[in-house]
Amino acid sequence: MQLRKQGNPLTDEILKEFEDRYQLKMPEDYVELMKKNNGGYVEDNMEFNFVEAGSTELTESILRRFFSFSNENDGMSRIRSRVIDAGEAPPSLLLIADDVFGNPIFIGISDSNYGKVYFGNHELEDPSTGYLVMSQIADTFTEFIEKLHLAIYE
């Protein structure tokens with residue numbers, strides 16, 4: 001997977017500052033990708049499949065980008081606040097990416113969901129929580145990356 005328009009090189013200090021500020025620990029497989037690329041837009045149409053909440057059918061989406069970390073202009077808090085502080089997702093999730101339709105992709109950072117990757121449907125809200133409806137994509141970030149495949153259009 002090739003990424004373009006990557007963020008500035010990610011240092012251990014930026015990562016530590018982010019984790020300390022929000023009192024969280026990011027999964028190591030996710031951190032490794034970010035250290036290598038610090039986000040960026042996916043060059044090819046990389047598709048992933050999952051079963052959307054409330055369905056038994058396999059659906060797919062296309063990954064658009066991974067969000068970059070930055071200590072400039074408080075970019076770190078934008079990552080955290082875009083949906084978490086806005087009340088669209090629980091604080092047990094960290095926004096890491098989005099798809100071509102603007103649906104957010106999260107990684108779990110709490111004990112109960114640590115490392116799991118989720119698709120947030122920006123068109124559906126869970127009436128009991130007010131959060132976006134979440135569907136699990138993968139048990140780990142590594143599994144999520146392994147699920148990505150080139151989209152083939154007929």
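Before I start, one term: a residue is called buried when its relative accessible area is under 20%, with a 1.4 Å probe and protein chains only. What I am showing is a predicted model, so please take each value that follows as computed from that model.

Let me begin with the aromatic residues. The count of aromatic pairs comes to seven. One of them is formed by Y30 and F141, whose rings sit edge-to-face, 5.4 Å centre to centre and with 80 degrees between the planes. This pair links distant parts of the chain, since Y30 belongs to helix α2, residues 28-37, while F141 belongs to helix α4, residues 141-147, and the two are 111 residues apart. In the sense I gave at the start, Y30 is buried, and F141 is buried as well.

A second pair involves helix α4 again, this time through F144, and its partner F48 comes from strand β2. The ring centres of F48 and F144 are 5.5 Å apart and their planes stand at 70 degrees, and because an angle over 60 counts as edge-to-face, that is the class this pair receives. Since F48 lies in the strand and F144 in the helix, the pair ties together parts that are 96 residues apart in sequence. As for burial, F48 has a relative accessible area of 0% and is therefore buried, and F144, also with a value of 0%, is buried too. Taken together, ring pairs join Y30, F48, F50, F66, F119, F141 and F144 into a cluster.

That brings me to the strands. Strand β2, residues 40-51, pairs with strand β3, residues 58-66, in the antiparallel sense, over eight bridges. Within this pairing, F50, which we have just met in the cluster, stands opposite T59 of β3. Six residues lie between the two strands of this hairpin, and G54 takes a positive phi there, near 85 degrees. Strand β3 also pairs with strand β4, residues 93-99, again in the antiparallel sense, and here over three bridges; on that side, the bridge partner of L63 is D99 in β4.

Finally, a word on an acidic residue in helix α1. Is E19 buried or exposed, at 13% relative accessibility? Because 13% falls under the 20% cut-off, E19 counts as buried. E19 is found in helix α1, residues 12-22, and, once its neighbours within four places in sequence are left aside, E19 is in contact with L24, K25 and M26.

Conventions: Residues numbered from 1 in each chain as written. Predicted model: local features only at pLDDT ≥ 70, side-chain atom pairs only at ≥ 80, totals over all residues. Heavy atoms only, no water. Pairing = 2+ DSSP bridges. Helix = DSSP H or I, 4+ residues; strand = E, 2+ residues; numbered from the N terminus. Phe/Tyr/Trp six-rings, centres within 6.5 Å; stacked < 30°, edge-to-face > 60°. Buried < 20%, exposed > 50% of the residue type's maximum accessible area, 1.4 Å probe, protein only. Contact = heavy atoms within 4.5 Å.
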